[in-house]
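Me: I'd like a close look at one part of this predicted model. Could you take me through the charged side-chain contacts, and then show me what sits around them?

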Amino acid sequence: MLNLKKIKKLSDLKWKGERVFLRLDLNVPIKGEKILDLSRIKAALPSIEYLHANGAQIIIGSHLGRPKNNKEYSLAPVAEALGNLLNKEIILIEDPLSDTAKFLLPSVKKNQIIMLENLRYIPGETKNKPDLQKVLSKYITAYVNDAFGVCHRVHSSVNDVPKHFKKKAVGFLIEKEIQSLDSILYSKKKMLLALGGSKVSDKIALIEAFIDKADTLLIGGAMAYPFLKAQGKEVGESFLEQSCVNTARKILKRFQVKNKNIILPSDHRVVSDIDNLKSLKVVTEIPSSKMAIDIGPATSMAFENALKSMDQVLWNGPFGMFETKEYSKGTMNFAKALSKSTATSFVGGGDSSSAIHQSGFADSIFHVSTGGAAFLEYIEKETLPGLEALI
Ligand code: ADP
Ligand code: MG
């Protein structure tokens with residue numbers, strides 16, 4: 001378990017005169033030059049503004065996508081969007097391993113901030129090699145991590161670099177993420193775990209972590225099919241991780257032994273193939289030739305009812321192929337029900353966060369995590385490599 005008390009927060013330290021490497025997660029969805037969702041950039045603003053207001057010079061670092069060469073996934077559109085939001089000029093340094101930032105720093109003005117190009121342009125970054133640390137040590141005096149979404153990675157900029165600095169801290173975003181997650185992990189309140197999505201194998205650890213804590217487990221999305229299969233039901237052509245049927249059977253048993261409630265879909269929206277929107281139908285039993293792509297209305301009702309007696313809800317995984325509007329009803333209905341519920345609600349996971357933002361109800365949720373895999377790994381291990389490096 002991570003002891004957050006051992007990690008310094010921004011407000012614990014003085015920043016005047018420091019030259020801070022600020023690791024952010026500005027890995028936003030981009031199409032061409034257009035940023036599709038600004039939420040990760042907006043989430044980074046409080047730490048930037050605080051450091052700036054307290055007299056530090058900041059050098060921002062982030063990754064973007066998985067570039068195969070140093071031309072793909074430039075941070076240029078991100079730098080522009082960040083500059084607009086901060087009303088400052090972002091100076092983007094083309095080669096993150098160069099000394100350019102070191103030479104520019106003395107002449108950087110108050111309305112300018114230096115940012116290094118995509119950290120994944122550095123060959124050793126994803127291998128936790130010391131290249132970045134060696135360069136930064138020449139001109140940086142402190143390190144701040146506010147990149148929650150990559151804290152599960154053992155990469156140079158989140159793991160190796162901070163080990164070499166004495167003055168280091170977490171930013172406001174990570175502080176909020178950890179406090180929110182801890183408040184549900186260590187809570188004794190009546191809790192509902194709502195699981196959907198497609199990869200049961202990725203979520204086993206999440207279920208394990210909540211077997212004792214959750215009062216009710218509800219399962220929708222493709223996550224439900226191994227469970228239905230384990231109960232001997234027909235799942236037709238639906239997306240099924242066959243290797244997970246046995247695990248699903250064991251989980252069902254463990255919940256039953258503990259006398260806990262499991263709610264599985266009682267009806268489904270099915271199609272004859274994904275592209276055939278016209279074939280969409282609601283059924284209670286999945287025909288062998290059809291695939292289920294969303295939960296049905298009776299299931300939505302049952303899920304909504306389950307929320308009523310709960311104090312806390314943790315939701316991970318959409319209940320259907322929500323990327324297609326026609327298949328997003330179950331997910332959107334639940335987002336709405338969650339926003340109206342009196343329970344304290346947490347939503348995590350990359351696609352789940354997109355879905356809750358798409359629903360328009362994100363503002364009514366107590367905490368929407370910016371981390372996908374980091375969120376899942378923190379729940380499983382109660383710590384992350386990027387956080388351990390700050391102790
Ligand atoms: P998260 O990123 O929130 O952890 P996952 O990655 O586990 O969630 O799952 C999200 C994906 O699951 C989405 O791409 C969605 O289309 C898919 N999905 C949900 N329900 C179904 C279904 N019934 N059949 C196929 N795919 C599904
Ligand atoms: Mg996902």
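Reply: Let's start with R254 and E208, whose side chains form a salt bridge with the closest N and O atoms 3.1 Å apart. R254 lies in helix α9 (residues 245-257) and E208 in helix α7 (residues 200-210), so this contact ties together parts that are 46 residues apart in sequence. How exposed are the two partners? R254 has a relative accessible area of 37%, so it counts as partly exposed. E208 comes out at 38%, which makes this residue partly exposed as well. Keep in mind that this is a predicted model, and that side-chain atom pairs count only at pLDDT 80 or more.

That bridge belongs to a set: the count comes to six salt bridges. Another one joins K138 to D99, at 3.4 Å from N to O. Here the partners sit in loops: K138 is in the one between α4 (131-136) and β7 (142-145), and D99 is in the one between β5 (89-93) and α3 (100-104), so parts 39 residues apart in sequence are tied together. K138 has 47% relative accessibility and counts as partly exposed. D99, at 25%, is partly exposed too.

Now for R40 and D25, which also meet in a salt bridge, again given as 3.4 Å from N to O. This pair links distant parts of the chain, with R40 in helix α1 (residues 39-53) and D25 in the loop between β1 (19-23) and β2 (30-31), 15 residues apart. Is each partner buried or exposed? R40 is partly exposed at 24% relative accessibility. D25 has just 8%, and because buried means under 20%, D25 counts as buried.

R40 and D25 turn up again in the lining of the largest cavity, along with A43, A44, D146, G149, L173 and T370. The volume of this cavity is about 50 Å³. Helix α1 gives the largest share of the lining, three residues. By class, the lining divides into three nonpolar, two polar and three charged residues.

Stay with helix α1 a little longer, since an aromatic contact involves it too. The rings of Y50 and F172 have their centres 5.1 Å apart and their planes at 90 degrees, so the pair is edge-to-face. Y50 lies in α1 and F172 in helix α6 (residues 172-185), so the contact ties together parts that are 122 residues apart in sequence. Y50 is partly exposed, with a relative accessible area of 25%, and F172 is partly exposed at 26%. In total, the structure holds eight aromatic pairs.

Charges meet rings as well. The charged end of K167 sits over the ring of W15, 5.6 Å from the ring's centre. K213 does likewise with F210: its charged end sits over that ring, 5.6 Å from the centre.

What about the other cavity? The structure holds two cavities of 30 Å³ or more, and the second largest has about 40 Å³ of space. Its lining is made up of I295, S300, F303, E304, G330, N333, F334 and A337. Helices α10 (297-307) and α11 (329-340) each supply at least two of these residues, and α11 gives the most, with four. Sorted by class, this lining has four nonpolar, three polar and one charged residues. Two of the names come back in another setting: F303 and F334 form one aromatic cluster together with W315 and F319.

One last stop, an open site this time. The second largest pocket has a volume of about 150 Å³. Which residues line the second largest pocket? They are H52, G55, A56, Q57, I58, L105, V108, K109, K110, Q112, I113 and I114. Strands β4 (57-61) and β6 (112-116) are the elements that give two or more residues to this lining, and the largest share, three residues, comes from β6. Six of the lining residues are nonpolar, four are polar and two are charged.

Technical notes
Residues are numbered from 1 along each chain as its sequence is written. Chains are lettered from A and ligands numbered from 1 in the order in which they are written. This is a predicted model: local features need pLDDT of at least 70, side-chain atom pairs count only at pLDDT 80 or more; totals for chains, interfaces and linings use all residues. Side-chain values use heavy atoms; hydrogens and water are left out. A salt bridge is a side-chain nitrogen of Lys or Arg within 4 Å of a carboxyl oxygen of Asp or Glu. Buried means under 20% relative accessible area, exposed over 50%, partly exposed in between (1.4 Å probe, protein chains only). Rings of Phe, Tyr and Trp (its six-membered ring) pair if their centres lie within 6.5 Å; planes under 30 degrees apart count as stacked, over 60 as edge-to-face and the rest as tilted. A charge sits over a ring if NZ of Lys or CZ of Arg is within 6 Å of the ring centre and within 35 degrees of the ring normal. On a 1 Å grid over the protein atoms alone, a cavity is a set of points where a 1.4 Å probe fits but cannot get out, and a pocket is an open set with protein on both sides within 12 Å along at least five of seven lines; lining residues have an atom within 4 Å of a point. Grid points are joined across faces, edges and corners, and a volume is the space filled by probe spheres set on the points. Ala, Val, Leu, Ile, Met, Phe, Trp, Tyr, Cys and Pro count as nonpolar, Asp, Glu, Lys and Arg as charged, and the others, Gly among them, as polar.
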